[in-house]
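Please open the model in a viewer and keep the sequence panel at hand. The tour proceeds by selections, each followed by a description of what is found there.

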Amino acid sequence: MEHAFNADYAIIKAYKADTKGNLMFRGSARNFNPDFAQAAKCTIAEVEEIVEAGTFEPDAWHLPGIYIDRLVQGKSYSRKMEKVVLSTKDGITINGKPAKGAQEKRLRIAKRAA
């Protein structure tokens with residue numbers, strides 16, 4: 001039988017938190033962050049936004065504040081996940097710049113798969 005892994009610290013990122021430390025995750029952050037927070041002796045959570053306690057329903061929170069020891073609000077988050085890819089007669093451009101080397105190969109593979 002394997003022994004359990006006990007961590008001293010867990011540093012996790014959440015979308016929102018209230019002043020009591022309850023956390024709300026976004027997307028795939030919900031997969032492992034709650035488990036890490038519950039397993040660690042000290043959990044530090046970095047959040048994008050801190051709201052007043054009672055703003056959301058109790059069922060909306062994904063992790064109760066009892067597992068959080070420190071709460072830190074991060075600064076200037078940007079979610080630039082999209083790239084504008086255009087095909088012109090001169091070739092493919094990504095965000096207004098011509099595709100080069102590896103980018104060109106990735107786009108060719110994506111076209112074949114589509």
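Contact here means heavy atoms within 4.5 Å of each other. By that criterion, and not counting residues up to four places away in sequence, asparagine 22 touches Lys16, Ala17, Trp61, Leu63, Pro64 and Gly65. The model on display is a predicted one.

**The whole chain**

Begin with a cartoon of the full chain, which holds 2 helices and 7 strands. Traced from the N terminus, the elements follow the order β-β-α-β-β-β-β-β-α. Colour by burial next: of the 114 residues in the chain, 29% are buried. If contacts are drawn between residues at least 6 apart in sequence, 71% of them join residues at least 24 apart.

**Strands E1, E2 and E3**

Select residues 7-18, which form strand E1, together with residues 40-51, which form strand E3; the two pair in the parallel sense over 10 bridges. Within this pairing, alanine 14 of E1 can be found opposite valine 47 in E3.

Add residues 23-24, strand E2, which pairs with E1 in the antiparallel sense over 2 bridges. Here alanine 17 stands opposite leucine 23. The hairpin of E1 and E2 has 4 residues between the strands, and glycine 21 adopts a positive phi near 95° there.

**Asparagine 22 in the loop**

Remain in the loop between E1 and E2 and select asparagine 22. Is this residue buried or exposed? Its relative accessible area is 19%, and because the limit for burial is under 20%, asparagine 22 counts as buried. Display its side chain: one of the polar atoms lies 2.7 Å from the backbone nitrogen of glycine 65.

**The nonpolar core**

Now show side chains for Ile12, Ala14, Ala17, Leu23, Phe25, Ala37, Ala45, Val47, Leu63 and Ile68, the 10 residues of the largest nonpolar core. E1 and E3 each supply at least two residues of this core, and the largest share, 3 residues, comes from E1. The paired alanine 14 and valine 47 are both members of the core, as are alanine 17 and leucine 23.

Centre the view on leucine 63. Leaving aside neighbours within four places in sequence, its contacts are Ile12, Gly21, Asn22, Leu23, Phe25, Pro34, Ala37, Gln38 and Ile68. The list thus includes glycine 21 and asparagine 22, alongside core members such as Ile12 and Ile68.

**Aromatic rings**

How many aromatic pairs does the structure hold? There are 2. Select phenylalanine 32 and phenylalanine 36 for a stacked pair, with 6.3 Å centre to centre and 25° between the planes. Phenylalanine 32 counts as exposed at 54% relative accessibility, whereas phenylalanine 36, at 48%, counts as partly exposed.

Move to phenylalanine 56 and tryptophan 61, whose pair is edge-to-face: the centres are 5.4 Å apart and the planes stand at 85°. In this pair, phenylalanine 56 is partly exposed at 28% relative accessibility, while tryptophan 61 is buried, with a relative accessible area of 13%. Tryptophan 61 is also one of the residues that asparagine 22 touches.

**A charge over a ring**

For the last stop, select tyrosine 15 and arginine 26. The arginine lies over the face of the tyrosine, at 3.8 Å from the ring centre.

Methods: Residues are numbered from 1 along each chain as its sequence is written. This is a predicted model: local features need pLDDT of at least 70, side-chain atom pairs count only at pLDDT 80 or more; totals for chains, interfaces and linings use all residues. Side-chain values use heavy atoms; hydrogens and water are left out. Two strands pair if DSSP finds at least two bridges between them. A nonpolar core is a set of buried Ala, Val, Leu, Ile, Met, Phe, Trp, Tyr and Cys residues joined through side-chain atoms within 4.5 Å. Buried means under 20% relative accessible area, exposed over 50%, partly exposed in between (1.4 Å probe, protein chains only). Rings of Phe, Tyr and Trp (its six-membered ring) pair if their centres lie within 6.5 Å; planes under 30 degrees apart count as stacked, over 60 as edge-to-face and the rest as tilted. A charge sits over a ring if NZ of Lys or CZ of Arg is within 6 Å of the ring centre and within 35 degrees of the ring normal. A polar contact is a pair of N or O atoms within 3.5 Å; within protein, one must be able to donate a hydrogen and the other to accept it, and residues adjacent in sequence count only if both atoms are side-chain atoms.
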